[in-house]
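The exercises below ask the reader to trace strand pairing, helix packing and an internal cavity. Each task is followed by a solution that goes step by step.

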Amino acid sequence: MTQRTATLTVDGNTSEYPVMSGTHGNDVIDIRSLGGKTGMFTYDSGFLSTSSCQSRITFIDGDKGELLYRGYPIEQLAENCNFLEVTYLLKNGELPNAAQKSDFENTIKNHTMVHEQLVKFFQGFRRDAHPMAVMVGVVGALSAFYHDAMDTSDAEHRSISFNRIVAKIPTIVAMAYKYSMGQPFMYPRNDLDYTANFMHMMFGTPCEEYKPNPVLVRALDVIFTLHADHEQNASTSTVRLAGSSGANPFACIAAGIACLWGPSHGGANEACLTMLEEIGDVSRVGEYIKRAKDKNDSFKLMGFGHRVYKNFDPRAKLMGKVCAEVLGELGLENDRLFKLAKELEKIALEDDYFVQKKLYPNVDFYSGIVQRALGIPTSMFTCIFALARTVGWMTQWEEMVTDPEYKIGRPRQLYIGAARRDVPPITKR
Ligand code: SDX
């Protein structure tokens, strides 16, 4: 098959660039030789039209509202698998058979405790510190504890790092919550599965045995699956860029957590619930829709819009379903905020502005309501997102460090600052 090429002509000079096609999605123009051929760079602030890597992990079709993890649609994975099976799939490329699943579960179970010294890191924070600030600090601190498996060229070392962070992140998230509550940390229990164990560490106390509600455990487990990975989003790109220098993988995950915290990214679920609380009543929805459309008002509808999805975010639909199940199980079908969210979604989706700009609910729209119903405080919502996305971050990190084309990421720029000039003597400044 003849190689397809893209031709660029600037000031009468023509150069050609190969066009590459993937399994699904947009073709790309390989412009790596552009600088050498033309002495020019591309300009793409916010990376709206830039592919940063080749990847086999996750695919999103923004127009169809499709999300695939290793080729499997998110709807089927949410329905038929648990989070650890999805974790195994993302890491290894295939779903586990029964033996592999049991093996993996046991491996993760036996890494859930954290070094007792790590507990001391919490003491340095105020009790009212934002849990995401605590997570950035404590997960970053993990990089001070493990020097025995840091050779990223060694598959066994990469696997140990993957298993350690995936196993310990729920423990650390629960510790951040307990610390904010002034309650004692709960040790992991090996008789519980991954998500039930997390709920035990979050809501259990030394005073009595915590009995996880299987319906709520399953709901949270699906929420983890929905958040596990999402192509080259801002926090994943942060982890990849940090990792491209050869940095410690735990430090890279801490960088991803820091990026996810922003309200435009993973912090939107917390911001969305705060927004719903502020709107307060269906009668005020119109006022906020108006503000969202006002160019002079920086207000945005939190939980709406997406860089890639220009149709429904499939995770938002699944999250809405989980939300209804949890509220039903808890007898909260008439939850005020859920009804308000449904009404806001309905009004927004009928409004020309949102239709024209293709602004649909994203994964963060319902996740706050369901997490609040599960007893998770608003400030912890993004920590839950980080817990799940750690699987995607580590998988993307491993793909990057094992990529034959791997090199340190170092973008260029268009310099628009002061022209070259000489320093004047102080008397002439
Ligand atoms: C996540 O990348 C990922 O995959 C992220 C994520 C993942 O799983 O990793 O999916 C998780 O981060 C979901 C997104 C959560 N963020 C929010 O819900 C915050 C509210 N949404 C917006 O901030 C915004 O939609 C973004 C940040 C999500 C997307 O921003 P883009 O792609 O840069 O688009 P944009 O901001 O340029 O918006 C395009 C237009 C603009 O109007 P114009 O300048 O063209 O006139 O739509 C408007 C925006 O003003 N717009 C909104 C809006 N979102 C975009 N107007 C009102 N309310 C909104 N929510």
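**Exercise 1.** Describe how strand E1 and strand E2 pair, and then place E3 in the sheet to which they belong.

*Solution.* In this predicted model, strand E1 (residues 5-10) and strand E2 (residues 13-20) are joined by 6 bridges and pair in the antiparallel sense. To fix the register, one may take two positions in turn: leucine 8 stands opposite serine 15 in E2, and threonine 9 stands opposite threonine 14 in E2. The next step is the connection, where E1 and E2 form a hairpin that has 2 residues between them, and aspartate 11 in this turn has a positive phi of about 50°. On to E3: strand E3 (residues 28-29) runs antiparallel to E2 and is joined to E2 by 2 bridges, with valine 19 standing opposite isoleucine 29 in E3. Put together, the pairings give an open sheet of 3 strands in the order E1-E2-E3, in which E1 and E3 are the edge strands, each pairing on one side only.

**Exercise 2.** Work out the order of the sheet that contains E4, E5 and E6, and locate the positive phi angles in its hairpins.

*Solution.* Begin with E4 and strand E5 (residues 66-69), which pair in the antiparallel sense over 4 bridges. Within this pairing, isoleucine 60 has leucine 67 in E5 as its bridge partner, while aspartate 61 stands opposite glutamate 66 in E5. The hairpin of E4 and E5 has 4 residues between the strands, and glycine 65 takes a positive phi near 70° there. Continue with E5 and E6, which are also antiparallel and pair over 2 bridges; here the bridge partner of leucine 68 is proline 73 in E6. In the hairpin of E5 and E6, with 2 residues between the strands, the positive phi belongs to arginine 70 and lies near 50°. The result is an open sheet of 3 strands with antiparallel pairing and the order E4-E5-E6, whose edge strands are strand E4 (58-61) and strand E6 (72-73), each of them pairing on one side only.

**Exercise 3.** Determine which residues of helix H10 are buried, and explain why they lie on the same side of H10.

*Solution.* First list the residues: in helix H10 (residues 234-243), the buried ones are Ser235, Thr236, Val239, Arg240 and Gly243. Then consider their directions around the axis: they cover an arc of only 140°, and therefore they sit on the same side of H10. The spacing along the chain can be read against a general rule, namely that an α-helix has 3.6 residues a turn, so residues three or four places apart point the same way. Finally, identify the partners: the buried residues of H10 pack against helix H11 (249-260) and helix H18 (381-401).

**Exercise 4.** How many cavities of 30 Å³ or more does the structure hold, and which residues line the largest cavity?

*Solution.* The structure holds 1 cavity of 30 Å³ or more, and the volume of the largest cavity is about 30 Å³. Its lining is made up of Ala149, Met150, Asp151, Thr152, His157, Arg158, Ser161, Pro249 and Trp397. Sorting the lining by residue class gives 4 nonpolar, 3 polar and 2 charged residues. Assigning the lining to elements shows that helix H7 (residues 155-181) gives the most, with 3 residues.

Notes:
Residues are numbered from 1 along each chain as its sequence is written. This is a predicted model: local features need pLDDT of at least 70, side-chain atom pairs count only at pLDDT 80 or more; totals for chains, interfaces and linings use all residues. Side-chain values use heavy atoms; hydrogens and water are left out. Buried means under 20% relative accessible area, exposed over 50%, partly exposed in between (1.4 Å probe, protein chains only). The arc is that of the directions from the helix axis to the C-beta atoms. Contact means heavy atoms within 4.5 Å. On a 1 Å grid over the protein atoms alone, a cavity is a set of points where a 1.4 Å probe fits but cannot get out, and a pocket is an open set with protein on both sides within 12 Å along at least five of seven lines; lining residues have an atom within 4 Å of a point. Grid points are joined across faces, edges and corners, and a volume is the space filled by probe spheres set on the points. Ala, Val, Leu, Ile, Met, Phe, Trp, Tyr, Cys and Pro count as nonpolar, Asp, Glu, Lys and Arg as charged, and the others, Gly among them, as polar. Two strands pair if DSSP finds at least two bridges between them.
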